[in-house]
Amino acid sequence: MTNHHHKNKKTKFNYPQIPKTPTGITGLDEITGGGIPTGRPTLICGGAGCGKTLMSLEFIVRGATEFNEPGVFMAFEEKAAELAMNVTSLGFDLVKLQEEKKLKVDYVHIDRSEIEETGEYDLEGLFIRLGYAIDSIGAKRVVLDTVENLFLGLTNQGILRAELRRLFTWLKEKGVTAIITGERGEGNTFTRQGLEEYVSDCVILLDHRVINQISTRRLRILKYRGSLHGTNEYPFLIDEDGIAVLPVTSLNLEKDVSTERVSSGIPALDKMLDNKGFFKGGSVLVSGSAGTGKTSIAACFANEICKQQKRCLYFAFEESPKQIIRNMKSISVNLQQYIDNDSLLFHASRPTLHGLEQHLVAMYKIIKNFKPDAVIIDPITNLVTIGTVSEVKSMLIRLIDFLQEEQITVMFTALSLNSVVNEQTDEGVSSLVDSWLLVRDIEFNGERNRGMYIMKSRGMRHSNQVREFIITDDGIDLVDVYLGPEGVLIGSAREAQRLQEKTGEVLRGNAVNMKDREIDRKRKMLEAKIANLQSEFESAEDELNKISVEEELIKKVSENNRDALTKLRGGDKASSK
Amino acid sequence: MDSPENKYELRLYVAGKTAKSVTALTNLKKYCEEHLKGQYVIEVIDLLVQPQLAEGDQIFAIPTLVRKVPEPIRKIIGDLSNEEKVLVGLNIRPVN
């Protein structure tokens, strides 16, 4: 498995790399480009409570459970039972793993009060013990936590130093991948006893600091001989799944982009965005002052995503999910149904709950788990309470980076603290996002209205018009503002203008009616005239008919008379007939 | 185990016949004969032969002398070249 991993890396980077052993710790393998050097000791150092014991133990446990590499954990600080108990909450069952011969915990107890030193000695006993533990389970991984405790129990520093040097050489000869932990020392040294002098291949520094009462854990690769590695400080988190390091700053900008579009859930807004909506995998910022309906826009978007049978993840940093659901019902957006069918997930947390980086790590993990198509963060502004603007910006850059890579559309909402757009740059995110919608209060004519416009929307035709943004019982709508002689009219001014126009229409309608009636009348008059003429014509015709009938009658009678006369004269013509 | 003759049960952990181990054993025998004659037993454990025994007595240095009895357990590491320290470590009062 390990070899396979390296081969992948090799082909990817195309330069020779030293073999690496994946730690299995989320994110750490990405920073180190595949793990820690195989068959060599790595030093993890840091102050008390920085997580070095846990990190090294996770290395062993992941090795045993995920990479089929048994491991030995030699503890100089905690007893095996204590250790097992401490990590049960992380789902690490040390007892079971030991029974299965995948793991061995060896607790080295050093108590100065019961030890006397006299004359020459060496640490061969430790070597034998470790060697025995390694051989008994065929271990590939070894942790020494914290080997410096030897210095607390033994006084002969000369011997200890020589033996430590021998120990590290011996570990290399054994071919095990080892982690040695060390407590951070005073001054410039990374460990109290200068272990970094002995371990020269890979040194990882852990740090736990508290700024503004919020603690953040960070990790930095101090050195990694023969390998590229991330040099930044990376935040890491200890949670119910162990350690998660977030390699959040990606090194390149070579992500796939999609031309697929995602509807915003507000038809009128889609119309403004080239009639199609946002780009899939793009980022959208909705900013505006308080009460301008940012959450409503976000909820509409969430609703639309779920309606299309996709998944949406909603990070609420201000309102509780129940509040949002209740409030959105009032505008006919029923989010509960999507929560019920598992397509919508709310994740609400107080911004002050963790440090900024922990938030990022937490979000990262939830996103990884839920695999949403869209993510909403409402609002990002609240994060500023726990970090500086630049920290928030750097966090968001990394979040956007990550989401773009995963082709997840993201919508942020941001509260503008003042109305001057140019001065506040919405935590500097605005330059990062693909689309920026601005909802503004417009106070005019003794009332407050909402105006919305698109500040930018990369890669698509978009309307440059200010639309009036109205929230109705049926949802959100955008209405064209009235462009009157005195400028843009909104709210009741627009309504008044509309009414005025309506009045005009009624008047005009009236006029049209009058004309219609006149035409009607004229037609009726004409029709009457036509009827008159018709009857005149009929009487004339009658007259004519009467004359011709009389003539006919006369003709007939005279013919009859002629026949009768002929008969009387006894002619043959009539009898032969 | 609690026989009155063997008041002291001593275990010496070594790893092969190294100079230090040999010195330690020689020194130990000498001190025991001097101060604990007839009331001790010495068990030498070679960890190269029985590595599994290292964990039980919490051995990390070689050579290590462990006083199993009387309790509490005491450990003396090194070649036992300093007699006074060994005696103090074993809680044995020198005869003279």
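Which element of chain B has the lowest mean pLDDT, and which the highest? Helix α3 (residues 83–89) of chain B comes in lowest with a mean of 84, while strand β2 (residues 40–46) of chain B takes the highest at 91. Keep in mind that what you're looking at is a predicted model, with an ipTM of 0.90 and a pTM of 0.67. Averaged over chain B, the pLDDT is 85, and 90% of the residues score at least 70.

Now let's go over to chain A and look at helix α6. Its 14 residues should span 20 Å at 1.5 Å a residue, and the end C-alpha atoms are indeed 20 Å apart, so expectation and model agree. Of those 14 residues, 10 are buried, so α6(A) is largely enclosed by the rest of the structure. Among the buried ones are Gly125(A), Leu126(A), Phe127(A), Ile128(A) and Arg129(A). What do the buried residues of α6(A) pack against? In chain A they pack against β4 (71–75), β5 (103–107), β7 (141–145), α7 (149–153) and α8, and in chain B against α2 (53–56). Just after α6(A) comes Gly138(A), which has a positive phi, near 65°.

Next, the rings. Counting over all chains, the structure holds four aromatic pairs. One of them is formed by Phe127(A) and Trp170(A): the ring centres are 5.4 Å apart and the planes sit at 65°, and since over 60 degrees counts as edge-to-face, that's what this pair is. Phe127(A) belongs to helix α6 (residues 124–137) and Trp170(A) to helix α8 (residues 157–174), both of chain A, so the pair ties together parts that are 43 residues apart in sequence. Buried means under 20% relative accessible area, so Phe127(A), at 3%, is buried. Trp170(A) is buried as well, with a relative accessible area of 18%. Phe127(A) has another partner to look for: Arg166(A) lies over the face of its ring, at 4.2 Å from the ring centre.

Another aromatic pair joins Tyr314(A) and Phe346(A), and this one is tilted, with 4.7 Å from centre to centre and 40° between the planes. Here the link is between strands: Tyr314(A) is in β16 (residues 312–316) of chain A and Phe346(A) is in β17 (residues 344–348) of chain A, so the pair ties together parts that are 32 residues apart in sequence. Tyr314(A) counts as buried at 0% relative accessibility, and Phe346(A) is buried too, with a relative accessible area of 12%.

A charge over a ring turns up again at Phe279(A), where the charged end of Arg261(A) sits 4.5 Å from the ring centre. Phe279(A) is also one of the residues in contact with Thr409(A). You'll find Thr409(A) in strand β19 (residues 409–415) of chain A, and at 1% relative accessibility Thr409(A) counts as buried. Leaving aside neighbours within four places in sequence, the contacts of Thr409(A) also include Val262(A), Lys280(A), Phe301(A) and Asp373(A).

Finally, the cysteines. How many disulfides are there over all chains? The count comes to zero. Take Cys306(A): the nearest cysteine sulfur belongs to Cys312(A) and is 5.3 Å away, and Cys306(A) is in no disulfide. The cut-off behind that is a pair of cysteine sulfur atoms within 2.5 Å. Cys306(A) is buried, with a relative accessible area of 4%, and Cys202(A) is buried at 0%.

Note on methods:
Residues numbered from 1 in each chain as written. Chains lettered and ligands numbered in written order. Predicted model: local features only at pLDDT ≥ 70, side-chain atom pairs only at ≥ 80, totals over all residues. Heavy atoms only, no water. Phe/Tyr/Trp six-rings, centres within 6.5 Å; stacked < 30°, edge-to-face > 60°. Helix = DSSP H or I, 4+ residues; strand = E, 2+ residues; numbered from the N terminus. Buried < 20%, exposed > 50% of the residue type's maximum accessible area, 1.4 Å probe, protein only. Lys NZ or Arg CZ within 6 Å of the ring centre and 35° of its normal. Expected span 1.5 Å × (residues − 1). Contact = heavy atoms within 4.5 Å. pLDDT = per-residue confidence, 0-100.
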